[in-house]
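Please open the structure in your viewer and keep the sequence panel visible. The tour below proceeds by selections, each followed by a description of what is found there.

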Amino acid sequence: TLTDRLSQLVKTMRGQARITESNVQDMLREVRMALLEADVALPVVRDFIARVKDKALGQEVVGSLNPGQVLVSVVHKELAATMGEGVADINLAAQPPAVILMAGLQGAGKTTTTGKLTKHLIEKRKKKVLTVSADVYRPAAIEQLKTVTGQAGGEWFASSPDQKPRDIALAALDYAKRHYFDVLLVDTAGRLAIDEALMAEIRELHATLNPVETLFVVDAMQGQDAINTARAFKEALPLTGVILTKLDGDSRGGAALSVRQVTGAPIKFAGVSEKIDGLEVFDAERHAGRVLGMGDIVALVEEVTKGVDMAAAQKLAEKLKSGDGFDLNDFLAQISQMKKMGGLSSLMDKLPTQIASKAGQGDMDRAERDMRRMEGILNAMSAKERAHPRLLLDDKSKASRKRRIASGAGVQIQDVNRVLNQYDQMQGMMKKMKGGGLFKMMKRMGG
Ligand code: GDP
Ligand code: MG
């Protein structure tokens with residue numbers, strides 16, 4: 001993976017004070033390959049690499065960072081910035097009904113997304129929503145829109161294959177006005193390949209409806225070709241936003257970068273399942289990590305260094321070296337540090353997908369509950385017991401002590417035993433790692 005290859009390169013760059021033409025060459029080659037593997041179109045990759053190089057060259061390498069880490073962070077930031085920043089919800093600032101026109105190739109996910117948006121606008125924006133299909137070439141497509149609109153709780157305006165798209169649009173608009181709808185969503189036909197007739201038709205629809213949003217729906221799996229599709233739609237229509245669908249697939253979603261660059265329009269939402277609720281606000285930061293194949297690794301590194309109390313970690317490392325051992329106070333401190341970093345699942349979220357997928361959310365929730373319970377049990381121990389775990393492990397008073405702790409924490413004796421076992425295991429692990437390995441330890445705890 002890119003992460004492995006980069007960290008290999010990062011190692012060879014240790015000790016160099018700034019980013020130079022020569023030390024950055026190999027790393028940029030890796031980044032370039034990663035982008036191509038993620039299906040970003042070649043011209044877009046070239047452009048991007050040139051920009052990153054410009055930004056990175058001559059950057060001072062401060063503190064404990066090395067040139068490799070600085071470059072990774074420049075790449076990640078630039079990628080996120082290129083794909084758009086902040087949250088861009090649907091613009092409804094128009095005399096009602098606000099019209100939203102859906103555009104894109106056949107199979108891109110227009111009809112499905114129209115249903116998802118209907119649900120979003122009803123539930124999150126509290127709007128009264130009408131949908132209509134101008135896809136007169138496939139009767140099934142009109143029925144499909146009826147179904148998803150019903151699932152979303154919106155109203156569907158009937159149209160038929162004998163009508164002209166323009167007449168359908170006018171009739172729906174009139175109905176929406178007379179019945180005080182806030183929003184009219186207009187689903188359109190797509191073709192397997194771009195053709196002039198289709199483009200003329202959707203241009204006419206645009207002129208008739210004067211939509212406040214013209215959304216380009218594009219399949220994230222489309223790959224290299226996304227750039228041509230985007231260009232064609234951009235030339236035909238004043239696009240106001242992009243919706244990237246099928247991000248739940250295996251693709252690394254490089255299409256986002258190409259489409260964003262060509263259209264200049266913000267990527268507003270991402271489709272993440274076939275279901276009616278499978279729509280998420282597009283998160284450029286996170287998507288940058290996915291495109292690079294390395295999760296939100298930069299944020300993770302920042303968060304880990306920020307959250308961990310460096311002095312405490314240092315003290316612990318020294319303690320272990322001096323042979324004082326790892327007592328239950330240290331165990332408690334480790335758990336609070338993990339909490340400071342936002343808990344296990346927020347950390348797992350930022351890991352590369354390959355790692356994160358091994359730990360399901362269910363396991364994460366359970367691990368976090370366990371962690372909180374462990375903390376409660378440790379807090380129910382006396383300071384003396386925490387400093388001298390032997391009192392709980394093999395002293396003759398251990399049974400009565402455990403009973404007291406269990407009732408103090410509101411748990412069973414077995415739960416107290418489990419914490420002691422975990423402590424025992426971790427102590428062994430800490431010895432092997434000689435402190436420091438907080439990250440490794442978390443991964444093991446997370447399963
Ligand atoms: P249209 O021709 O542009 O209207 O595309 P459709 O809305 O009919 O979608 C084409 C296919 O893609 C359907 O099978 C949808 O269920 C599927 N689809 C659409 N969006 C998503 C998505 O975000 N994730 C997944 N997995 N499938 C999707
Ligand atoms: Mg359709």
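Helices and strands in this tour are DSSP runs, a helix having at least four residues and a strand at least two, numbered from the N terminus. The model is a predicted one.

**The whole protein.** Begin with the entire chain, which contains 22 helices and eight strands. Of its 447 residues, 40% count as buried. Among contacts between residues at least 6 apart in sequence, 77% join residues at least 24 apart.

**An annotated segment.** Next, select residues 266-279. An unreviewed UniProt entry lists these residues under "domain: SRP54-type proteins GTP-binding". Over this stretch the chain is 0% helix and 43% strand, and the C-alpha atoms at its two ends lie 16 Å apart.

**Ligand 1.** Now select ligand 1 and display its surroundings. Which residues are closest to ligand 1? They are Gly 109, Lys 110, Thr 111, Thr 112 and Gly 271, within a shell of 17 residues. Helix α5 (residues 110-123) contributes the most to this shell, with three residues. By class, the shell comprises two nonpolar, eleven polar and four charged residues.

**Strand β5.** Proceed to residues 213-219, which form strand β5. Is this strand largely enclosed or open? Seven of its seven residues are buried, so the rest of the structure largely encloses β5. Display the side chains: Glu 213, Leu 215, Val 217 and Asp 219 point one way, whereas Thr 214, Phe 216 and Val 218 point the other way.

**The neighbours of β5.** Add strand β1 (residues 98-103), which runs parallel to β5 and is joined to it by four bridges. Here Ile 100 has Glu 213 as its bridge partner. Then add strand β6 (residues 241-245), also parallel to β5 and joined to it by five bridges; Leu 215 is partnered with Gly 241. Finally, include helix α9 (residues 226-236), which together with β5 and β6 makes a right-handed β-α-β unit.

**Backbone details in the loops.** Select Pro 96 and Pro 97, which are joined by a cis peptide bond with omega of about 0°. Pro 97 lies in the loop between α4 (67-82) and β1.

Move to Asp 39, in the loop between α2 (21-37) and α3 (42-56). Although not a glycine, Asp 39 has a positive phi of about 75°. Asp 39 is buried, because 23 other C-beta atoms lie within 10 Å.

End at Asn 210, in the loop between α8 (196-209) and β5. This residue, again not a glycine, has a positive phi of about 45°. Asn 210 is exposed, with 11 other C-beta atoms within 10 Å.

Terms used: Residues are numbered from 1 along each chain as its sequence is written. Chains are lettered from A and ligands numbered from 1 in the order in which they are written. This is a predicted model: local features need pLDDT of at least 70, side-chain atom pairs count only at pLDDT 80 or more; totals for chains, interfaces and linings use all residues. UniProt positions are given in the numbering used here, feature names are shortened, and annotations may be inferred rather than shown by experiment. A residue is near a molecule or strand if its C-beta atom, placed from the backbone, lies within 6 Å of it. Ala, Val, Leu, Ile, Met, Phe, Trp, Tyr, Cys and Pro count as nonpolar, Asp, Glu, Lys and Arg as charged, and the others, Gly among them, as polar. A residue is buried if 20 or more other C-beta atoms lie within 10 Å of its own, exposed if 12 or fewer, and partly exposed in between; C-beta atoms are placed from the backbone. Two residues are in contact if their C-beta atoms, placed from the backbone, lie within 7 Å. Two strands pair if DSSP finds at least two bridges between them. A crossover is right-handed if, with the strands pointing away from the viewer, the path from the first strand over the helix to the second runs clockwise.
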